Amino acid sequence: MIDNAVLIKQGAEARIYIAPFLTRKAIVKERFSKSYRHPILDKKLTARRVTQEARCLHKCRRSGLDTPVVYFVDIENNTIYMEYVEGKTVRDILREQSDDESFKSKNDEMANKIGMALANMHVADVIHGDLTTSNLLSRDPTGSLVVIDFGLSYVSILPEDKAVDLYVLERAFMSTHPNSETMFASILETYRKKYKDSGPVINKLEEEAENEV
Amino acid sequence: MRHIAIGLEGSANKLGIGIVTHDDVTGKVEILSNIRHTHITPPGTGFLPRDTAAHHREHVLPVLENALKEANITIKDINVICFTKGPGMGAPLASVAIVARTLSLLWDKPLVGVNHCIGHIEMGREITGAKNPVVLYVSGGNTQVIAYAEKRYRIFGETLDIAVGNCLDRFARVLNLSNDPSPGYSIEQAAKSGKTFIELPYTVKGMDVSFSGILSYIEMIAQDQLASGECTPEDLCFSLQETIFAMLVETTERAMAHIGSNEVLIVGGVGCNLRLQEMMAQMAEQRGGKVFATDERFCIDNGIMIAHAGLLAFRTGFTTSLEESFCTQRFRTDEVYVSWRD
Amino acid sequence: MESFTFELFPSRGLIHISLFRNVTNAAELRKRLLARDQELSYAFIDARVVFDLFQVLVAVNNALYYEKLEKLKTFNVHSEIVYFLSPTTNITESLRRFGISDVTNAILVVKVGGDATDVKSHLSSLIQGEMESNLDTISHFADLGTIKKYYKIDNKMTDRREILECLIGTIAIKPVL
């Protein structure tokens, strides 16, 4: 690890540091092995996820989605060096709000950006795999919507997989931000508009919702 | 004041009746009886709804008698009759619910319909003392990662297809392992002598998991490689457990990280599996947390948990009218309003 | 000329980068490179394909990493730098596109290790051209059309920052594609 690296987060799967890197400030994401996993499974899984994460981050960026830029992939140490994005998580932004009406237009704008980002990502056939409001950032100072943590992402053309992505986010919204149904509905509306092949995805999502009842 | 509830459970192949008391003043919960009778089928076969319902009908009266006798109470001591409303298999559920309804009319006692999963969660919390854990609910019919927030047990992750217990049960059938006491137990024992790890698909999507692809894959391997001696049934059981339990532990940990909790409670029949408990403990230890699990008396479906969860609801004023006392095969954990928690 | 230490490879010493304009002996340099002249242990990069210094730093970092792992794809760490600037894994094409040609008149030179003064004087004797005092002018020589073509960047992308981030990512993930 870089000498002046500062540990900022000890996550479930990785340690996240901020460190100076090649004249810039970088996020260093080091995946560690899990003692509960069989060593063979652990090694394969960790390596596969590092590679997949780097690829998906880049694939998204090329298709116009704002994601952290990859600077370096250290495969031997399961570490990715990437752009440090200054900004706030959508989760924190929503938490700071009270229920009052003044947040409505702000949230509409945010929902629009989120819907657009998801559409861009799915057009590129990237499935994020862990969409939560903590993995969406509002970039300072531009307010650009940045999608982060592609640790569970993969490439797929299947509408089912894209629907699961949306479904996972919907549940994250419902379980951590009560009364966020309207916001999620407008996210879907933008998604539908911006992603011309979204029909089958939305159908799958609705099927999923019906199965719940 | 002392409240007494009797609970009847029969959503799958276990028929269980239990009697529990809650003491208002001391807050103490006491189990007076916990009787169970299991419908066990021959190796290579699973349990069918019709036969399981017949089993429950055949044994429900003796089990009830035993439960009352062991609890050493009279009918007039009982405050409420609790039964499993769902989720589960339709015919077995109905076969037990009809008994609950009959008792309610016969003894003139109120009814409380209980969500099976809530029963597991509340029993697990009571037995282990876990305060606000992330709950992994794993059984033959369910696989959910759950956490409590604002009067609901919210589902953070779940299976996108079959339940983990179903995956294990069906593979036990492929290998012709014994269903006594349970196919999952047979797999657990076989796995202990597995030596070679065989790589299987690993399917985690966020906090959700999927098992059907793994099952088809390992069934294929079993067909191709067992006869030729390339691997042993033990290797397959071992690899299957290592893979699917790793998936469960991973999603549980992700939920813990998401809500910032360090406690995890494992409930449901698959929760008895010591390897799963061990892996979960290793995960919890790595993050400075703690794992709570119960033994087979409470992990495996039982009447006590239904009585206990039903009584919690009953004490907040909840009852189920006769008209509303139908069973439902689909009954989501998060549909229940948890009036008894802050 | 500017010199850098790379955070992950401190033992490799300083990495020196210098920029020459109005170079007249590119053909000679190229000939010596092809003959594997040991005196030329430098990475000679066609400045037209360099958009930003950071782009070069990312490529150098990759080269140092694979040198350390002893998994170089080309002859040495210097040719590896040129190789890593290129998005493709075709070595010949990478070196042809990002290395110098006979008509190159602006060259970016990277030297791994060595004393700054020595490197500077050696380069001055080697290259017939004017050494820029620092690297701030690096983007003046960039040919955006060629860069976009080589890195397969959508013509609609016009924001400089966005283009830069796109090429950086492309270089960074080349080994894991």
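How many of the 9 residues of helix α3 (residues 77-85) of chain C are buried? I started my notebook with that one, keeping in mind that this is a predicted model.

**Entry 1: helix α3 of chain C**

I counted 9 of 9 as buried, so helix α3 of chain C is largely enclosed by the rest of the structure. I wrote the residues down: C:V77, C:H78, C:S79, C:E80, C:I81, C:V82, C:Y83, C:F84 and C:L85. Next I looked up what sits over them. The cover includes two strands of chain C, β3 (43-46) and β4 (107-112), along with the helices α2, α4 (91-98) and α7.

**Entry 2: a lysine to set against that helix**

I wanted an exposed residue in chain C and picked C:K152. It is found in the loop between α6 (144-150) and α7 of chain C. I get 11 other C-beta atoms within 10 Å of C:K152, and the cut-off for exposed is 12 or fewer, so C:K152 counts as exposed. I also took its distance to C:I45: the two C-alpha atoms are separated by 19 Å, with these positions 107 residues apart along the chain.

**Entry 3: which chains touch**

I went through the chain pairs. There are 2 pairs that touch, and the pair A and C has the most contacts. Chains B and C do not touch, and I find their nearest C-alpha atoms 21 Å apart.

For the A and C pair, I have 18 residues of chain C in contact with 20 residues of chain A. On the chain C side, α2 (53-68) and α7 (160-173) each supply at least two residues. By class, that side of chain C has 13 nonpolar, 3 polar and 2 charged residues. I note that α2 and α7 of chain C also turned up in my list of what covers α3.

**Entry 4: chain A overall**

I count 6 helices and 10 strands in chain A. Its radius of gyration is 18 Å and the globule rule gives 17 Å for 213 residues, so chain A is as compact as a globular protein of that length. Its C-alpha atoms fill a box of roughly 45 × 35 × 35 Å along the principal axes. Buried residues make up 46% of the 213. I also checked contact range: among chain A contacts between residues at least 6 apart in sequence, 65% join residues at least 24 apart.

**Entry 5: the two domains of chain A**

Chain A is divided into domain 1 (6-83) and domain 2 (87-212). I have their C-alpha centres 22 Å apart. Across the boundary, 15 residues of domain 1 are in contact with 17 residues of domain 2. Which helix gives the largest share of the domain 1 side? I found helix α1 (residues 39-62) of chain A there, with 7 residues. By class, the domain 1 side has 6 nonpolar, 4 polar and 5 charged residues.

**Entry 6: the largest nonpolar core**

I then looked at the largest nonpolar core, which has 206 residues; A:Y71, B:C82, C:I45 and C:I107 touch the most other members. Helix α7 (residues 233-259) of chain B gives the most to this core, with 12 residues. I followed up B:C82 and, skipping residues up to four places away in sequence, found that it touches B:A5, B:I6, B:G7, B:V112, B:V114, B:I306, B:A307, B:G310 and B:L311.

**Entry 7: the UniProt binding site in chain B**

From the UniProt record, an unreviewed entry, I took the "binding site" positions B:H116, B:H120, B:Y137 and B:D301. They are spread over 186 residues of sequence but cluster in space, with a largest C-alpha distance of 11.9 Å. I looked up two of them, B:Y137 and B:D301.

B:Y137 sits in strand β6 (residues 134-138) of chain B. I get 27 other C-beta atoms within 10 Å of B:Y137, and buried needs 20 or more, so B:Y137 is buried. Beyond four places in sequence, its contacts include B:H120, which is also on the UniProt list. Others that B:Y137 touches include B:C117, B:I121, B:N142 and B:V267.

B:D301 lies in the loop between α9 (296-299) and α10 (303-315) of chain B. Is B:D301 buried or exposed? I have it as buried, with 27 other C-beta atoms within 10 Å. Leaving aside neighbours within four places, I list B:E9, B:S11, B:A12, B:K14, B:G16 and B:G269 as the contacts of B:D301.

Technical notes:
Residues numbered from 1 in each chain as written. Chains lettered and ligands numbered in written order. Predicted model: local features only at pLDDT ≥ 70, side-chain atom pairs only at ≥ 80, totals over all residues. Contact = placed C-beta atoms within 7 Å. Helix = DSSP H or I, 4+ residues; strand = E, 2+ residues; numbered from the N terminus. Nonpolar A, V, L, I, M, F, W, Y, C, P; charged D, E, K, R; others polar. Rg over C-alpha atoms; globule rule 2.2 N^0.38 Å. Core = buried A, V, L, I, M, F, W, Y, C linked by C-beta atoms within 7 Å. UniProt positions renumbered as here; feature names shortened; annotations may be inferred. Domains from an automatic or database assignment.
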